[in-house]
Amino acid sequence: MMETRRLILRQFQKKDWQDVLEYGSQEQVAKRANFTPLRTKRDAFSFERVLFRDGVLALEEKSSAKVIGNIGAFEIIKADGLVEKNGREVGYALNQDFWGQGFMTEALAALCKLERSKKTSFLQAQVYADNLASQKVLQKNGFKFQGDREVFDVFQSNKKILELFYVKMLVQKEERF
């Protein structure tokens, strides 16, 4: 568990299912976080199990004790199928009722601090080019744009969209002379 000024970052609990269903059923949240929108209590429980298994943290707003989103750092699988040992990939989702208030910027700063304490060398993130808010969250936390590529839209398989790559170095390698 970690705390920020307005958030508690913690493991998911069974009691969170209604909050998870609320933000997980929002079409724009699901699209931007690249998952299928939730529709039922069963969907929420299944989604929670996946989030818990993957070590994703719930974002609980302190003032309301409401879970308003999630954030996590995941293994990176390289092109050769091996796991990248030095870095992690960041992923997050936030209830759209809380967009534009700095909550995700705050949560990502805490996650970066946690990953730095674990000696993670770098974090990377992928975001759709039309998701300007998420790009700002990454930039405010020191992530640098690395490049882009076209990918198929998971919601419209015959349509391609532009995906942007960002990286943040957490541990600087020492130069040897």
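This briefing describes the cores, pockets, helices and selected residues of one protein chain. The structure is a predicted model. Its largest nonpolar core holds 28 residues, and its largest pocket encloses about 1,100 Å³ of space. Helix H4 (103–117) gives the most residues to that core, and H4 is also among the elements that give two or more residues to the lining of the largest pocket.

**Nonpolar cores**

- Within the largest nonpolar core, the members that touch the most others are Leu9, Ile71, Leu108 and Phe143.
- Two or more residues of this core come from each of strands E2 (7–10), E3 (57–61), E4, E5, E6 (122–128) and E8 (160–169), and from each of helices H4 (103–117) and H5 (132–140).
- The contribution of H4 amounts to seven residues, the most from any element.
- Beyond its neighbours within four places in sequence, Phe143 contacts Val90, Leu108, Cys112, Leu123, Gln124, Ala125, Leu138, Tyr166, Val167 and Lys168.
- Another core, of 16 residues, lies apart from the largest one and includes Phe12, Leu38, Leu51 and Val56.
- In soluble globular proteins, nonpolar side chains tend to be buried together.

**Pockets**

- The space in the largest pocket is about 1,100 Å³.
- This pocket is lined by 42 residues, of which Arg32, Ala33, Gly91, Tyr92 and Ala93 are the closest to its centre.
- Helices H2, H3, H4 and H5, together with strands E4, E5 and E6, each give two or more residues to the lining of the largest pocket.
- By residue class, the lining of the largest pocket comprises 24 nonpolar, eleven polar and seven charged residues.
- The second largest pocket contains about 150 Å³ of space.
- Phe12, Gln13, Lys14, Phe45, Glu48, Arg49 and Phe52 line the second largest pocket, and they divide into three nonpolar, one polar and three charged residues.
- Phe12 therefore appears in two settings, as a member of the core of 16 residues and in the lining of the second largest pocket, given that a lining residue has an atom within 4 Å of a pocket point.

**Helix H1 and its surroundings**

- Helix H1 (residues 17–24) is mostly covered, with six of its eight residues buried.
- The buried residues of H1 are Trp17, Asp19, Val20, Leu21, Tyr23 and Gly24.
- Their cover includes helices H2 (27–33) and H3 (41–53), as well as strands E4 (66–77) and E5 (83–94).
- In helix H3, Asp43 is partly exposed because its relative accessible area is 28%.
- Asp43 and Ser25 are separated by 18 residues in sequence and by 9.4 Å between C-alpha atoms.

**Helix H4 and its ends**

- H4 has 15 residues and spans 22 Å from its first C-alpha to its last, close to the 21 Å expected at 1.5 Å a residue.
- Buried residues of H4 are Phe103, Met104, Thr105, Glu106, Ala107, Leu108, Ala110, Leu111, Cys112 and Glu115.
- Glu106, which lies in H4, counts as buried because its relative accessibility is 14%, under the 20% cut-off.
- Apart from neighbours within four places in sequence, Glu106 contacts Thr4, Arg5, Arg6 and Leu7.
- Lys119, which follows H4, has a positive phi near 70°.
- Trp99 is located in the loop between E5 and H4, and this residue counts as partly exposed because its relative accessible area is 36%.
- Not counting residues up to four places away in sequence, Trp99 touches Gln28, Val29, Arg32 and Leu94.
- The C-alpha atoms of Trp99 and Ser134 are 9.9 Å apart, although the two residues are 35 residues apart along the chain.

**Positive phi in loops**

- Most residues other than glycine have a negative phi.
- Asn34 has a positive phi, near 65°, and is located in the loop between H2 and H3.
- Asn34 is partly exposed because its relative accessibility is 39%, which lies between the 20% and 50% cut-offs.
- Ala65 also has a positive phi, near 60°, and is found in the loop between E3 and E4.
- Ala65 is partly exposed because its relative accessible area is 44%.

Key:
Residues are numbered from 1 along each chain as its sequence is written. This is a predicted model: local features need pLDDT of at least 70, side-chain atom pairs count only at pLDDT 80 or more; totals for chains, interfaces and linings use all residues. Side-chain values use heavy atoms; hydrogens and water are left out. Buried means under 20% relative accessible area, exposed over 50%, partly exposed in between (1.4 Å probe, protein chains only). Helices (H or I, at least four residues) and strands (E, at least two) are DSSP runs, numbered from the N terminus. Contact means heavy atoms within 4.5 Å. A nonpolar core is a set of buried Ala, Val, Leu, Ile, Met, Phe, Trp, Tyr and Cys residues joined through side-chain atoms within 4.5 Å. On a 1 Å grid over the protein atoms alone, a cavity is a set of points where a 1.4 Å probe fits but cannot get out, and a pocket is an open set with protein on both sides within 12 Å along at least five of seven lines; lining residues have an atom within 4 Å of a point. Grid points are joined across faces, edges and corners, and a volume is the space filled by probe spheres set on the points. Ala, Val, Leu, Ile, Met, Phe, Trp, Tyr, Cys and Pro count as nonpolar, Asp, Glu, Lys and Arg as charged, and the others, Gly among them, as polar. The expected span of a helix is 1.5 Å times one less than its number of residues.
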